[in-house]
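New to this one? Here's a quick briefing to read alongside the sequence and the 3D view.

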Amino acid sequence: MQWIVIALIVLHVVTGVFWAGSSFVLARMGGLLVEKLAFPQFGAGVATLCLGMATWFLALRGLPPTPGFHVLGIGAACAVLALIVQASALPAVKTLKGAQGDSSPQQRRVLISQRAAAGLLLLAVLAMASWSHV
């Protein structure tokens, strides 16, 4: 059972690094190349959340609540909100893929969603890194 938890944590971290890293890069680059990264990024976000829930279910579910678990919960909530924000911009990304005219409203919407998600993911990463020290 312990090797399963270790594998889940490793996969959770790897998918989370891609998700958060691509969010930070797209936010910083003004949404450049978002057409190529948005859907793999969303898939990594879904995988990260599912792997995190599985890890919690197998390793942490039966433990008594502590302040650290509240921090972990806040981080998880930030990650869920980040995924919702990015999902709301996927129709604009789809429009950008086939855009031939002025696509600045869609580009702006995607950029705002990437920046908001990057901020939320920064909070999530900080919470995940510090929950056991609280």
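What follows covers the overall fold, burial and surface, and one nonpolar patch.

This is a predicted model: local features need pLDDT of at least 70, side-chain atom pairs count only at pLDDT 80 or more, and totals for chains, interfaces and linings use all residues. Residues are numbered from 1 along each chain as its sequence is written, and side-chain values use heavy atoms, with hydrogens and water left out.

**Overall fold**
- You'll find five helices and zero strands in the chain, running α-α-α-α-α from the N terminus; helices (H or I, at least four residues) and strands (E, at least two) are DSSP runs, numbered from the N terminus.
- The C-alpha trace spans about 55 × 25 × 20 Å along its principal axes.
- Take the contacts (heavy atoms within 4.5 Å) between residues at least 6 apart in sequence: 80% of them join residues at least 24 apart.

**Burial and surface**
- Of the 134 residues in the chain, 34% are buried, where buried means under 20% relative accessible area, exposed over 50% and partly exposed in between (1.4 Å probe, protein chains only).
- The chain exposes about 7,900 Å², and carbon and sulfur atoms supply 74% of that; accessible areas come from the Shrake-Rupley method with a 1.4 Å probe, and for residues only the protein chains shown count as cover.

**The nonpolar patch**
- Met1, Trp3, Ile4, Trp56, Phe57 and Leu58 make a nonpolar surface patch of about 670 Å².
- Helix H1 (2-28) and helix H2 (34-60) each give two or more residues to this patch, and H2 has the largest share, with three residues.
- Phe57 sits in helix H2 and counts as partly exposed because its relative accessibility is 45%.
- Such patches take residues with over 30% relative accessible area and no salt bridge (a side-chain nitrogen of Lys or Arg within 4 Å of a carboxyl oxygen of Asp or Glu); like charges are joined within 9 Å, nonpolar side chains (Val, Leu, Ile, Met, Phe, Trp, Tyr) within 5 Å.
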